[in-house]
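The exercises below are meant for a reader who is meeting this structure for the first time. Each one sets a task and then works through the solution step by step.

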Amino acid sequence: MRHFLEMKNITKQFNGNVVLKNVNFFADKGQVHAIIGENGAGKTTLMKILAGLFPPDSGDIFINGQRVHINGPKHAQELGIAMIYQECRLFPDLNVTENIFIRREPLKKLKFIKIIDWAKAHKETYKYLDYFGLNINPKTAVSNLSAGQQKFIEIIKALSQNANIIIMDEPTVALTEQETELLFKVIKDLKKLGITVIYISHRVEEIKKIADLVSVIRDGELIVTKDINTTNIHELIKAMSGKEVYDKYPKLKVKTGKNILRVENLSYNDKIKNINFELSEGEILGITGLTDSGKDVLARVLFGIVGPFQGKIYINGKAFKSMDPYTAKINGLCFVSAIDTEEGLISNMPTNVNITITNLQRISTMGFIDNAAESYHARDMIERLEIGCNENDIISILSGGKKKKVIFAKWLFTNSKIFIIDEPSAGIDICSKVDIYNIINELVLSGTAIIMVSSNIEEIIGMCDKILVMYNGEIRKVLDREHATEQKILYYASGGKDD
Ligand SMILES: Nc1ncnc2c1ncn2[C@@H]1O[C@H](COP(=O)(O)OP(=O)(O)OP(=O)(O)O)[C@@H](O)[C@H]1O
Ligand SMILES: [Mg+2]
């Protein structure tokens, strides 16, 4: 039987590295086909080929039985293929409607000339927003939206282009549990409309909920395609990594030391209000909440990325009334950012520079950068974190998960004493996740304190000693490890109170 979409014997190499080897992939209408695999396995590359970003070296693509030679993103769009990328591709300064209709604005005739019919475009946008139950003003600039809301705008954009194959590359990475549930509802609606959804994710549990089929890619090869009902998580993880993973959250019991950070009545622009907490050496503090709860803002205020704030931050007993990243850094703080943003990496520079840039002193002799030392330390980090790249690789060519590991590497290189980690496992495959948790364990054993900002409740419960649940800029509840459950966290995160 022919399938609606068929990719046959797809092979691709980059500078002599074979990234995809004879991959056969198919999908039918109204079907959700998930693709899973470790970081760097080739998932995004396979889908970028379908989206026309680059051609395969060999292999064929058929849509509806017709062989197609996709010669660019625009052609892919004409064929009804839309891809929602790992990194956001919207224009931050344009509003929601402008982003959705960019370069395809509806026109209206005014006497002899045609002008853009913004009223119609806004109405159209509003229709979609309403359909998804999103409370967003079409005239809001995209930069004012949360990462989750931006994902929905991208989906709406694809829909409005009449896509019948929608590729989602790790769409839930920046989404809260609520937004994720909403996305799943949307995907079910897309299925009913006969749309094919190709869904790349590291969250094997969520694939169970929405996918019909799942394919596993390992080292550029398609290992297996399975009906979701005839497989299980253990089998899939084994196919992904070639080994079995049992303990997802290797939490250690570590004796905590002296107080290292204290926050007193911290407020910023109504986004966080009167925050108080303490952190000790060896402790892992979790901060969770829904999209606009203020958890991301709190992390950024602590590191001085946004400000000025009211209240005080005490680091090792020393009071600070203001903060900036430089001061934060020299006082032992570091910020491991969630996604590939300017907070994280310099994307046109090689990996070794990105890793060592945080501590130039360590690789310099008499004020000059010692290239041999730079290489040595970078290679050491690449090996320790099993990043699986070359020290000279330019950041922009690394896969999403590898970039995240490089961000980790660069901060490990500084010997910071307080790690603020934003969404530690976003975009990271299951095996690497355990690697990252083990690195966190190594850090706390050496007395480092960790602040883990995460919307993944399971991870928060799995790894943290103490959990702050935020709602509307406030700390709604502090839970310790023994008393935290998913239900409780969701209750307080959605505004619930103790009576
Ligand atoms: N433009 C490029 N030039 C050179 N190498 C590339 C390029 N794009 C991707 N690669 C390499 O191809 C391999 C596969 O990358 P890809 O992005 O497809 O992985 P992935 O399975 O999506 O991983 P992740 O889960 O981390 O996103 C990686 O080793 C990556 O470094
Ligand atoms: Mg990828």
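**Exercise 1.** In what order do the 4 strands of the open sheet that includes β13 stand, and is the pairing parallel or antiparallel?

*Solution.* The model is a predicted one.
Step 1. The order across this open sheet is β14-β13-β16-β17, and the pairing is antiparallel.
Step 2. β14 (272-280) and β17 form the edges, each pairing on one side only. From one strand to the next, the twist averages 15°.
Step 3. Within the sheet, β13 (residues 259-268) is joined to β16 by 5 bridges. Leucine 261 has isoleucine 315 of β16 as its bridge partner.
Step 4. Helix α9 (residues 295-302) packs on this sheet and touches β13, β14 and β16; the direction of α9 makes about 65° with that of β14.

**Exercise 2.** Examine the loops that adjoin the strands of this sheet, and classify the exposure of selected residues.

*Solution.* Step 1. The loop between β13 and β14 holds asparagine 269 and aspartate 270. Neither is a glycine, yet asparagine 269 has a positive phi of about 45° and aspartate 270 one of about 70°.
Step 2. A residue is exposed if 12 or fewer other C-beta atoms lie within 10 Å of its own, and buried if there are 20 or more. Asparagine 269 has 14 other C-beta atoms within 10 Å and is therefore partly exposed. Aspartate 270 has 10 such neighbours, so it counts as exposed.
Step 3. Asparagine 316 is in the loop between β16 (310-315) and β17 (318-320). With 13 other C-beta atoms within 10 Å, asparagine 316 is partly exposed. Its C-alpha atom is separated by 8.9 Å from that of lysine 258, which is 58 residues away along the chain.
Step 4. In the loop between α9 and β16 lies proline 308. A cis peptide bond joins glycine 307 to proline 308, with omega about -5°.

**Exercise 3.** Why is one side of β2 and of β5 left without a neighbour in the sheet?

*Solution.* Step 1. These strands belong to an open sheet of 4 strands with the order β2-β1-β4-β5 and antiparallel pairing.
Step 2. β2 (17-27) and β5 (66-68) stand at the edges and have a single partner strand each, so one side of each has no neighbour in the sheet. The twist here averages 30° from one strand to the next.
Step 3. The partner of β5 can be traced through β4 (residues 58-63), which runs antiparallel to β5 and is joined to it by 3 bridges. One bridge pairs isoleucine 63 with glutamine 66 of β5.

**Exercise 4.** Which residues touch the most other members of the largest nonpolar core?

*Solution.* Step 1. This core has 71 residues, and those with the most contacts to other members are Ile420, Ile450, Ile451 and Met452. Helix α13 (residues 400-412) supplies the largest share, 6 residues.
Step 2. Beyond its neighbours within four places in sequence, methionine 452 is in contact with residues including Ile284, Leu285, Pro424 and Cys464.
Step 3. Another core, of 69 residues, lies apart from the largest one; Ile49, Ile61, Ile237 and Ile428 are among its members.

**Exercise 5.** Which of the 17 residues around ligand 1 come nearest?

*Solution.* Step 1. The nearest are Asn39, Thr44, Thr45, Ser399 and Gly401.
Step 2. α1 (43-50) and α13 are the elements that give two or more residues to this shell.
Step 3. By type, the shell has 5 nonpolar, 9 polar and 3 charged residues.

Conventions: Residues are numbered from 1 along each chain as its sequence is written. Chains are lettered from A and ligands numbered from 1 in the order in which they are written. This is a predicted model: local features need pLDDT of at least 70, side-chain atom pairs count only at pLDDT 80 or more; totals for chains, interfaces and linings use all residues. Two strands pair if DSSP finds at least two bridges between them. Axes are lines fitted to C-alpha atoms, for helices over the stretch in contact, and angles run from 0 to 180 degrees between N-to-C directions. A nonpolar core is a set of buried Ala, Val, Leu, Ile, Met, Phe, Trp, Tyr and Cys residues joined through C-beta atoms within 7 Å. Two residues are in contact if their C-beta atoms, placed from the backbone, lie within 7 Å. A residue is near a molecule or strand if its C-beta atom, placed from the backbone, lies within 6 Å of it. Ala, Val, Leu, Ile, Met, Phe, Trp, Tyr, Cys and Pro count as nonpolar, Asp, Glu, Lys and Arg as charged, and the others, Gly among them, as polar.
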